[in-house]
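Me: I should like to examine the reasoning behind the terms applied to this model. Please set each value against its definition.

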Amino acid sequence: MRNVNQAIKLLQDMEKGNHKPGIVMYSAIIGGLCKDEQIDTAQNLFKEMICKGVVPDVITYTSIIRGVCSLGMWKDAESYFQNMVNFGISPNVVTFSIMIDALCKDGKTEKAQTLFQLMSTRGVQPDVVTYNSWIDGLCNSDQREEATKLFYQMIGRGISPDVFTFNILIGVICKEGMVEKAQKLFDLMIQRGVKPGTIIYSALMNGYCLQNQMDEVTKVLHSMVVRRCGLCNVRRVTKVQELLKEMQARGPSPNVYTYSILLNGLFKNDSYEEAMRVFEEMENDGLKENIVTYNTVIDNMCKANNLDEANKLFDSLPSKSLKCDTMIFNIMIKNF
DNA sequence: ATAGGGTTAG
């Protein structure tokens, strides 16, 4: 559904020409309106289709439930849900997943838990998407241990975690400073044939940086290259910036986050020279640095007493069409 | 012509 308004016009044309739009047509438009946050129009069309004798099915209900849920209209969600059940249309795994996800994102973890249990009661089995939403919700309400339990529960039930699951868990665990645990999950991920991308590698690097284990960061970078193209073709390189070059060429590519994480880690671990080399590498890479990157570099230039260089870099920001934010002004004011 | 999920940096 690329253009809802056009679709609505089509709907009206059909009716003028004595063609009856069917359930698929209505569901598609209602779904499109919901994605456009035109919830009133969607609800009206929903009523209208019923008046015209077109009976909504599980997809129509799920679409409109998604629409009201995403706007936090829980009363409406509940009544649509109740309605469909009363009409003998069973909510399926998608219906439940959408509601659980929306509830979690709104911080209503307990309500989500109730639904998670309700679906089992109704004989609807959660799938990988349901688990991911629920695991994410638990992580965001500081119940990471419980989330880990759910992770093993899903494996026990024969539902394979995918790259979404690992992104959620590895990211959280790294931030908690338990990088060893994250590394174990990473190993499990590889063992289960789930392919890590740039984000997982960046998150792991961040985890090791936080623990000041810069040797391990280099290993992560190395495995990023190796895993993609096979051990035999890769030189055993130890220098971070050489590894970055390799990654750029053959691995999941480093992005601006990867670089910023690395820069920050190197600065914090007294590798000023190496950090500056990585920074140059980044500029040559054609990657668009952002204000966070410059922030890190300028801050550390100041700390190393290279005030002239810091000033020069700061002055160059407008020519790179980068907008300064509060943090960078604070750094500049503090140091000059 | 119809419905669902995630993530990394100062």
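Me: What makes a residue pair across the interface of domain 2 and domain 3 a polar contact, and how many such pairs are there?
Reply: In this predicted model, five residue pairs across the interface of domain 2 and domain 3 are in polar contact, with both residues at pLDDT 80 or more. Each pair counts because an N or O atom of one residue lies within 3.5 Å of an N or O atom of the other, with one able to donate a hydrogen and the other to accept it.

Me: Why is the meeting of R144 and E176 called a salt bridge?
Reply: The N to O distance between their side chains is 2.9 Å. The limit is 4 Å between a side-chain nitrogen of Lys or Arg and a carboxyl oxygen of Asp or Glu, so the pair qualifies. The count between domain 2 and domain 3 is one salt bridge.

Me: What makes up the area buried between domain 2 and domain 3?
Reply: The buried area is about 1100 Å², and carbon and sulfur atoms give 69% of it. N132, R144 and F151 supply 50% of the area that domain 2 buries against domain 3, more than any other three residues.

Me: How do you know that D325 is in polar contact with DNA strand B?
Reply: An N or O atom in the side chain of D325 is 2.9 Å from a base nitrogen of the strand. The cut-off is 3.5 Å, so this is a polar contact. By the same cut-off, S27 qualifies through a polar side-chain atom 3.0 Å from a base oxygen of DNA strand B, and N206 through one 3.3 Å from a phosphate oxygen.

Methods. Residues numbered from 1 in each chain as written. Chains lettered and ligands numbered in written order. Predicted model: local features only at pLDDT ≥ 70, side-chain atom pairs only at ≥ 80, totals over all residues. Heavy atoms only, no water. Buried area = accessible area lost by both parts, 1.4 Å probe.
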